[in-house]
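Student: Please give me a close account of one part of this model: its central framework and what is packed around it. I would like a single connected explanation.

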Amino acid sequence: MKTTVEVFEGDITTLNVDAIVNAANKSLLGGGGVDGAIHRAAGHQLLEECRTLGGCETGQAKLTRGYKLPAKYIIHTVGPVWYGGNKNEDKLLSNCYKNSLELAMNHKVKSIAFPSISTGAYGFPFERAAKIAVKVVQDFLEENKTIKKVVFVCFGKDAFEVYKNLLPL
Ligand code: AR6
């Protein structure tokens with residue numbers, strides 16, 4: 001089966017994929033942006049499971065069930081806060097994508113959707129982040145064959161255009 005990489009404009013919580021990725025904070029106890037939307041859509045049981053996880057370091061990822069979401073799993077990753085680019089932000093952001101994909105693979109996930117991690121409240125420049133996201137996914141899919149579909153989820157037309165211009169891989 002061929003691997004597909006898609007761009008979707010809209011709300012990540014609506015997607016019918018095996019796993020969606022959450023752009024969380026270190027507490028893993030919810031917040032605004034996509035994190036807030038995921039917690040609202042998944043329901044209160046998500047917070048209960050997140051309380052058992054003991055937080056998460058920047059660049060790392062942890063998995064929970066999806067509860068009321070169409071997705072079976074939620075992979076919570078913590079993106080770097082943008083401090084201007086000299087605080088290892090690029091590497092930490094690529095770790096988010098890498099570790100999320102690895103965790104997904106270990107749970108036999110075949111389809112996964114990513115939001116644009118760190119590009120909202122955490123201030124990472126959008127295009128720079130999109131290039132990192134696309135590169136990490138491309139490298140991963142070349143090496144690993146279990147994941148068959150990756151969706152980049154964009155909020156807004158401008159974001160959608162940036163990803164569209166970077167694809168197809
Ligand atoms: N579906 C898809 N993308 C979305 C959605 C959605 N429902 N909502 C927002 N986005 P952000 P960060 C996009 O701020 O920068 C939270 O409070 C949004 O347009 O959600 O990693 C956490 O708890 C942007 O492009 O995440 C942390 O404290 C992207 O998702 C902090 O924000 C990421 O924006 C994490 O900041």
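Tutor: Two strands are taken as paired if DSSP finds at least two bridges between them. The model is a predicted one. On that criterion, six strands form an open sheet with mixed pairing, and their order across the sheet is E1-E6-E5-E2-E4-E3. At its edges are strand E1, residues 4-9, and strand E3, residues 61-65, each of which pairs on one side only. From one strand to the next, the twist averages 25°.

Within the sheet, one pairing deserves a closer view. Strand E2, spanning residues 19-24, and strand E5, spanning residues 111-114, run in the parallel sense and are paired over two bridges. Isoleucine 112 of E5 is the bridge partner of alanine 19. Isoleucine 112 also has a place in the largest nonpolar core: together with Ile75, Phe114, Phe152 and Tyr163, Ile112 touches the most other members among the 36 residues of that core.

Two helices can be placed against the strands. Helix H1 (residues 33-42) lies across E2 and strand E4 (73-78), and its direction makes an angle of about 130° with E2. Helix H5 (residues 157-166) lies across E1 and strand E6 (149-154), running at about 165° to E1.

What, then, fills the interior? In soluble globular proteins, nonpolar side chains tend to be buried together. The 36-residue core draws at least two residues from each of E2, E3, E4, helix H3 (89-106), E5, helix H4 (126-143), E6 and H5. H4 gives the most, namely nine residues. Phenylalanine 152 illustrates how the elements meet. Beyond its neighbours within four places in sequence, its contacts are Val5, Glu6, Val7, Phe8, Phe114, Ala133, Val134, Val137, Tyr163 and Leu167. Another core, of 14 residues, lies apart from the largest one; Ile12, Ala42, Leu46 and Ala71 are among its members.

The helices also carry charged pairs, and the structure holds three salt bridges. One of them joins the side chains of arginine 128 and aspartate 90, with 2.8 Å from N to O. This pair links distant parts of the chain, for arginine 128 belongs to helix H4 and aspartate 90 to helix H3, 38 residues apart. Arginine 128 counts as partly exposed because its relative accessibility is 37%, a value between the limits of 20% and 50%. Aspartate 90 has a relative accessible area of 28% and is therefore partly exposed as well.

The second pair to consider is local. Lysine 135 and aspartate 139 form a salt bridge whose closest N and O atoms are 2.7 Å apart. Both residues lie in helix H4 and are four residues apart, so about one helical turn separates them. Lysine 135 has a relative accessibility of 45%, and so it counts as partly exposed; aspartate 139, at 33%, is likewise partly exposed.

In helix H5, the side chains of lysine 157 and glutamate 161 meet in a salt bridge of 3.1 Å from N to O. About one helical turn lies between lysine 157 and glutamate 161, because the two are four residues apart in that helix. Glutamate 161 is partly exposed, since its relative accessible area is 34%. Helix H5 thus presents two aspects: it supplies at least two residues to the largest core and holds the salt bridge between lysine 157 and glutamate 161.

Technical notes
Residues numbered from 1 in each chain as written. Predicted model: local features only at pLDDT ≥ 70, side-chain atom pairs only at ≥ 80, totals over all residues. Heavy atoms only, no water. Axes fitted to C-alpha atoms, helices over the stretch in contact; angles between N-to-C directions. Contact = heavy atoms within 4.5 Å. Core = buried A, V, L, I, M, F, W, Y, C linked by side-chain atoms within 4.5 Å. Buried < 20%, exposed > 50% of the residue type's maximum accessible area, 1.4 Å probe, protein only. Salt bridge = Lys/Arg side-chain N within 4 Å of Asp/Glu carboxyl O.
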